[in-house]
Amino acid sequence: MTLKSYYLEEYHSKIPHIVKFSGGRSSGALLFSMLKQGLLRADRGDVIVFNNTSAEHKKTYEFVMECKNRSEEEYNIPFFILEFQTYEDKVNGMYDRVASYKLVNCKPYSKNNPNGYHTKGEVFEEVISWQGYLPSLMRGRTCTKKMKMDTTVNFLGDWFMYKEFGLDLSRLGHHGTKSRIDKELKFLKHKKNGGSVPFDIYFDKKEYCYSRPVYRPEQKFQEYTKVKIEQNDIFIKNKEIEYCSLIGFRADEPQRLVKMKNRINSSNNDDIEIAYLRENNEHIYMPLVQFGITQEDVKTFWDNQNWGLDLPYDGSLGNCVYCFMKGGSKLSKIKTTETELTPENIDWWIYIEQKYQRDLNAEKRVTRTKVE
């Protein structure tokens, strides 16, 4: 699978490249096609990012860790695994939970490996508990926005700062050992902002988030990659950092490109046929779309490798096992044997929905009745 020069502007070849790796085959085919063709360079500030939702299939995690090892050991490109995390600090004079992220290593979380990646829905539930509501078609894919989009933006700000000044991730949060959130004050703010959820229900939903660590520890980039990271400020221009994002959308799924164009809603994005969008200083490229790569081409790519993702090609067990965006037809195909209460078990999703769904009667909200 050959990817020719895809740059809309030649100078884009000189700015950092960020591969947003989803953990799927298309994303992986894009990544390793670029690696094999020498299209990624560590000295340019290039980096690969995987955002862990903690709700992936165990085979996805195996594939991600294999991709990380090969990217770093064979091609010398740093590959970081990120997780959404909140911490507790003062905001406008009162303590609250603040959204951030942390780096995690390539081993599962355990008491002996507290910086390992989570697999039991912990990250996903923290997002829901922090927001106080479930992601949905009505409210939007807030899970994707918080765990992936916002997390990546926050990471890149720190990554570019590190590449210029050598600064690692600082400790975030207060230095106490217990929560300092004043629930009465927090609830008063909720009411002033037009909230109407009763006190007990409001904090039942916040309980999980409030039980998480009150701080994010200091972290060193170098401890989370095998690649020797060198400082390099050649791409810093007037403190405005431009970069290219590489995304694994395929040519046979044009609706994803249209949705992204509509989300960005920029005057720079009139022609979606070139598979290029711009959002502020981010230049978004989709080479698989640009060069007409389809699912069949991706399958051929992986059939020619001696390793890959050990999941069905129908996408039923892909990212976030029982994600509501998969639709009824795809969800009905899912067959798992997981008995533990994790996102590989439908009971986990039922539990989360029951725990965080709205109860309008308990909230004493007026509901509309059907007019005959």
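# Briefing: a mixed sheet, its helices and three loop residues

N76 lies in the loop between α2 and β3. The model that contains this loop is predicted. Its seven-strand sheet is open, and the strands follow the order β4-β3-β2-β1-β5-β7-β6 with mixed pairing. The points below begin with N76, proceed to the sheet and its helices, and end with two further loop residues.

**The loop residue N76**

- The phi angle of N76 is positive, near 60°, and N76 is a residue other than glycine.
- As a general background, most residues other than glycine have a negative phi.
- N76 has a relative accessible area of 41% and is therefore partly exposed, since this class lies between buried, under 20%, and exposed, over 50%.

**The sheet as a whole**

- The seven strands form an open sheet, in which the pairing is mixed.
- The edges are taken by β4 (94-104) and β6 (276-279); each has a single partner strand, so one side of each has no neighbour in the sheet.
- On average, and with direction ignored, neighbouring strands of this sheet are turned by 30° against each other.

**Strand pairs within the sheet**

- β1 and β2 run parallel and are joined by three bridges.
- In this pairing, I18 stands opposite V47 in β2.
- β2 also pairs with β3 in the parallel sense, over four bridges.
- N51 has L82 as its bridge partner in β3.
- β1 pairs with β5 as well, in the parallel sense and over three bridges.
- H17 has C244 as its bridge partner in β5.
- β5 (residues 243-246) in turn pairs with β7 (residues 282-285), again in the parallel sense, over four bridges.
- The bridge partner of Y243 in β7 is E282.

**How strand β2 is covered**

- Is β2 mostly covered or mostly uncovered? It is mostly covered, for five of its five residues are buried.
- Which residues of β2 are buried on each side? V47, V49 and N51 are buried on one side, and I48 and F50 are buried on the other, so that both faces of the strand are covered.
- Helix α4 (residues 142-165) lies across β2 (47-51), and also across β1 (17-20), β3 (79-91), β4 and β5.
- The helix α4 runs at about 145° to β2.

**Helix α1 and its surroundings**

- Helix α1 (residues 25-36) belongs to a right-handed β-α-β unit, together with β1 and β2.
- Two packed helices are described by the angle between their axes and the distance between the axes.
- For α1 and helix α2 (residues 58-75), the packing angle is about 5° and the axes are 11 Å apart.
- α1 is therefore roughly parallel to α2, because angles under 35 degrees count as roughly parallel.
- The residues that meet are L31, F32, L35 and K36 in α1 and C67, R70, S71 and Y75 in α2.
- By class, this contact of α1 with α2 has five nonpolar residues, one polar residue and two charged residues.

**The loop residue S54**

- S54 is found in the loop between β2 and α2.
- S54 is not a glycine, yet its phi is positive, at about 70°.
- S54 has 0% relative accessibility and therefore counts as buried, a class that requires a value under 20%.

**The loop residue H174**

- H174 lies in the loop between α4 and α5 (183-192).
- Is H174 buried or exposed? H174 is buried, because its relative accessible area is 5% and the cut-off for this class is under 20%.
- H174 and D89 are 85 residues apart in sequence, while their C-alpha atoms are 5.7 Å apart in space.
- Which residues are in contact with H174, when neighbours within four places in sequence are left aside? They are E88, Y95, R180, V214 and Y215.

Terms used: Residues numbered from 1 in each chain as written. Predicted model: local features only at pLDDT ≥ 70, side-chain atom pairs only at ≥ 80, totals over all residues. Heavy atoms only, no water. Pairing = 2+ DSSP bridges. Helix = DSSP H or I, 4+ residues; strand = E, 2+ residues; numbered from the N terminus. Axes fitted to C-alpha atoms, helices over the stretch in contact; angles between N-to-C directions. Contact = heavy atoms within 4.5 Å. Buried < 20%, exposed > 50% of the residue type's maximum accessible area, 1.4 Å probe, protein only. Right-handed = clockwise from strand over helix to strand, strands pointing away. Parallel < 35°, antiparallel > 145°, perpendicular 65-115°, else oblique. Nonpolar A, V, L, I, M, F, W, Y, C, P; charged D, E, K, R; others polar.
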